[in-house]
Amino acid sequence: MSPWEKRERGGLYYTRSRKVNGRVVREYVGSGALGELAALTDAQERQRREEEAAAWREERECLEELAILVDELCEDVETVARATLLAAGFRQHNRGEWRRRRDQGTSIKE
Amino acid sequence: MTKELASKNKLAVRHYEDRPVGCPPGSDPAAMTKEEKEAHRDTVERLKELVEKAAKGDKKPLPEIRKILKESPELAWQLMDFAKYTEYHHTKMMVKEEGPGLKEVLKAQIAAMREEIAGDNPSPLERLLAERIVLTWLQIQLFEGLYASNMSKGTTTIAQGKYEQKRIDQAYRRHLSAIRTLAQIRKLGPAVQINIAEKQVNTAG
């Protein structure tokens, strides 16, 4: 819906719409120079918000990419660490501490 | 690894200067060929499968796990290079327009931290785990810095704030998990420092 409302007697009237308690409330700002100024201010504010949102999206995408790299790396390192422990004759007890397998000799005291 | 990140800084990653004698030459993850990346990925994936089986009490995968670790001494170093590559992008994002001075300070701090965590004469596994701790710490710093910066601007929406908080929590969990693994390895002692890059003579530290 255009913020410029056409009046019956001619001319345009600038309005702002916003939500109050879930209902759209229309605020009548003015016509002529006042309306133009309000429209310009709103357009600038809109542009600022859009730029901020775009910057946020870009930052978020970049961070997501980095987070994926870190996740992947952490998982790979964990795999190598666990593989090394298993190869050295240890086993993980109940997803917790690592203990030497019985058939691998003496157990490691915690 | 995205094409965008890869193409930006092909020569930006410096490898370990203290790489022990006999270890494979440094690999720039951004410059790795598709085949090299696939081979690395395949090895890690296979290892993952075997580790999962072995974790359920199956002893059959153990010889193959030992074989992979023995035959792929470059695995740990490749992961360390990946970590450095990721670390580079974190620092780059953290300093942004702050200038080269801060970047150097941060690099020095990271290097000191890495050395302190890895300790004297670390095994390749300890180095790798230390690297992961440093990286996850760096991630926390990045996320917290961005959160604070966005909050101070006063433009953060509730949804954005929640998202950033969630991201920080995840980073903390990763960091704690990294610390826990290194602590476990240290607790178990030198018995576990076998196989991984075992042919290398560690001259560092």
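Biologist: Hi! At what angle do the axes of helix α1 of chain A and helix α3 of chain B cross?
Modeller: The axes of α1 (residues 32-87) of chain A and α3 (residues 62-71) of chain B cross at roughly 120° and come within 9 Å. Axes here are lines fitted to C-alpha atoms, for helices over the stretch in contact, with angles from 0 to 180 degrees between N-to-C directions. Helices are DSSP runs (H or I, at least four residues), numbered from the N terminus, and strands are runs of E of at least two.

Biologist: Is this predicted, and how is everything numbered?
Modeller: This is a predicted model, where local features need pLDDT of at least 70 and side-chain atom pairs count only at pLDDT 80 or more, while totals for chains, interfaces and linings use all residues. Residues are numbered from 1 along each chain as its sequence is written, with chains lettered from A and ligands numbered from 1 in the order written.Biologist: Which residues of the two helices meet?
Modeller: From α1(A), A:Ala83, A:Thr84, A:Leu86 and A:Ala87 meet B:Leu62, B:Ile65, B:Arg66 and B:Leu69 of α3(B). Contact means C-beta atoms, placed from the backbone, within 7 Å.

Biologist: How many residues of chain A are in contact with chain B?
Modeller: 26 residues of chain A are in contact with 42 of chain B. On the chain A side, α1(A) gives the most, with 21 residues, and both α1 and β4 (90-92) supply at least two.

Biologist: What about the confidence for chain A?
Modeller: The average pLDDT (the predictor's confidence in each residue, from 0 to 100) is 85 for chain A, and 93% of the residues score at least 70. Residues 106-110 of chain A stay under 50, with seven contacts beyond four places in sequence in the model. Where pLDDT is low, the predicted coordinates should not be read in detail.

Definitions and conventions:
Residues numbered from 1 in each chain as written. Chains lettered and ligands numbered in written order.
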